[in-house]
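Please open the structure in your viewer and keep the sequence panel beside it, since each stop on this tour begins with a selection. The route goes from the whole chain to its enclosed spaces, then to an open pocket, and ends at a strand.

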Amino acid sequence: MEYGIYNIKEVTNIVKEFDNYIKYIENNDILLTKTKEYVSRKDLKVINELMAEPWEKATKGSEQNYYPLLHLFYHLCIGGKLFKKIPAKAGKLSLEGNKELDMYKKLTDTEKYIFMLKTLWIDVDWKKVDSLDHRGFGITPDVMKVLKYISDSKPGDPVVIHSEVMRGRLDISIKRWNYFHLYFSYLGIWNVEEDGDRGYSMKKRFDAKIITPTAFGVDLAKRLLSIPIINWNLPWRRSMGDFGAIPGSQLPNEVEFFVDDRECKESKLQNNNDDEDIFVRELSDLFLKGELNKLLPRAKRGNTGGNYIFKVSLGGKLWRKIKISSKATFLDLHDMIQKAFNFDDDHLYAFYMDGKLYSDYCFVSPFDSNGIGVDEVKIGEVGLYEGQKIKYLFDFGDSWVFDIKIEKVNSEEPEISSPEIISEKGKAPEQYPEY
């Protein structure tokens, strides 16, 4: 194998910055915010000052998504399973290092960089890592078109985002890329110049004026064309109704229907276990010999085993605690909630797994074609953690909104044969009081 010329330390300092971020998270008692489960404002301010180029637009009261680099790092830590969320004081969550964190520390700088790129490519939800709310498909289907454009570009030649030439060559709205203009610059793919004359006042927005591809970026883009993100990014595939997909595998026909004119080669995934080395195989010739030999294995999704305790509430004084096996489906959980609150199972419903009503990450009733069915997903398959909050919406007309909290995950406990109501408070309301 021929080896390349790139030393990742000379291409970008993102690895050093990420290591500084990790060190702070690991060595401090981090309490996440209650609503969004982000790093607190106090800690963000300190971490920002540790960066080589602190983000100057953020203020003392800015939330995490006002810090582009730190926002990206948080999602890489969670998506790459370096840290897990655990219950802490005052009903909040904290971060605790996983075994993957120790494995990450043993990687070379180049291997750390590829870990970050791979995690972004496979496990990070691109809608959530941005600061703006992208409806519909988001920018994910457009990524390969941009990379194809970059791969055909000459390093050092500036590209004016709002020019007629750009609009003619790229049939996408790259103006919507917002923070991703910065993210690709952090990764060393291009240099970016902000458009300070656009007149936008949103502090969570970054409007690019010019991007200038680097030599490394052009070479990297050529190789990423063989790893098409629409085949590899699991949160995007899940939002399209494709739960449990193998990274890199062929898209289902119903998903292919929504993706046209893909400016990329076919995915080179050869078997179901190939995702661990395809990034090494496709990218290793970019770097100096001995710099890219292995990657941190992804934490594969599987059933945790044991039992879960869900606290299902309608207001603070009306709740039921349900114990259910990890092998039960979300349909079984729905049936138990209906029983616990004496409801008639006569309407459509959905579980919103990130605690946000109408989000893409949801499981829906079997008769609803707009998502992944509750009968397709087992409780222990989705990585639930203690303290996690879920919204359960029953009856889209009357809108009964239940708050669900994961109170306990007993992974070592023998699985129960059927769900149980283990405690309760308050009288169940009338489902149809007007009748």
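What follows is a tour in five stops, each with something to select and a description of what is there.

**The whole chain**

Begin with everything shown as a cartoon, and bear in mind throughout that this is a predicted model. The protein has 16 helices and 13 strands, and of its 435 residues 53% count as buried. If you switch on the surface, you are looking at an accessible area of about 20400 Å², of which 47% belongs to carbon and sulfur atoms. Among the contacts with a separation of 6 or more, 66% are between residues that lie 24 or more positions apart, which is worth remembering when the next selections gather residues from distant parts of the sequence panel.

**The largest cavity**

Rolling a probe the size of a water molecule over the atoms shows where empty space is left. In this model the search finds two cavities of 30 Å³ or more, and the largest has a volume of about 90 Å³. To see its lining, select Gly79, Gly80 and Lys81, then add Phe115, Lys118, Thr119 and Asp123, and finish with Leu296, Pro297, Arg298 and Ala299. Helix α6, residues 109-122, gives the most to this lining, with three residues. Colour the selection by class and you should find four nonpolar, three polar and four charged residues.

**The second largest cavity**

Now clear the selection and move to the other enclosed space, the second largest cavity, with a volume of about 50 Å³. Its lining is made up of Asp125, Trp126, Lys127, Thr140, Asn233, Pro235, Trp236, Ser239 and Asp360. Two elements give two or more residues each to this lining, namely α7 (126-129) and α13 (234-239), and the largest share, three residues, comes from α13. By class, the lining of this second largest cavity divides into three nonpolar, three polar and three charged residues.

**The second largest pocket**

The next stop is an open space, the second largest pocket, which has a volume of about 580 Å³. Of the 27 residues that line this pocket, the ones to select are Glu53, Leu69, Leu182, Ser185 and Tyr186, as they are the closest to its centre. Then display the elements that give two or more residues to the lining: α2 (14-27), α4 (68-79), α10 (179-186) and β4 (190-194). Which element gives the largest share of the lining of this pocket? That element is β4, with four residues. The lining as a whole has 15 nonpolar, seven polar and five charged residues.

**Strand β8 and its partners**

For the last stop, select strand β8, residues 349-352, and show its side chains as sticks. In a regular strand the side chains alternate between the two faces of the sheet. Here Tyr349 and Phe351 point one way while Ala350 and Tyr352 point the other way, and all are buried.

Next add strand β11, residues 389-394, which is joined to β8 by four bridges and runs antiparallel to it; within this pair, Phe351 stands opposite Tyr392. Finally add strand β9, residues 362-364, which also runs antiparallel to β8 and is joined to it by three bridges. In this second pair, the residue that stands opposite Ala350 is Val364 of β9.

Notes: Residues numbered from 1 in each chain as written. Predicted model: local features only at pLDDT ≥ 70, side-chain atom pairs only at ≥ 80, totals over all residues. Heavy atoms only, no water. Buried < 20%, exposed > 50% of the residue type's maximum accessible area, 1.4 Å probe, protein only. Contact = heavy atoms within 4.5 Å. Areas by Shrake-Rupley, 256 points an atom, 1.4 Å probe, with all protein chains shown as cover. 1 Å grid on protein atoms, 1.4 Å probe; cavity = no way out; pocket = protein on both sides within 12 Å on 5 of 7 lines; lining within 4 Å. Points joined across faces, edges and corners; volume = space filled by probe spheres on them. Nonpolar A, V, L, I, M, F, W, Y, C, P; charged D, E, K, R; others polar. Pairing = 2+ DSSP bridges.
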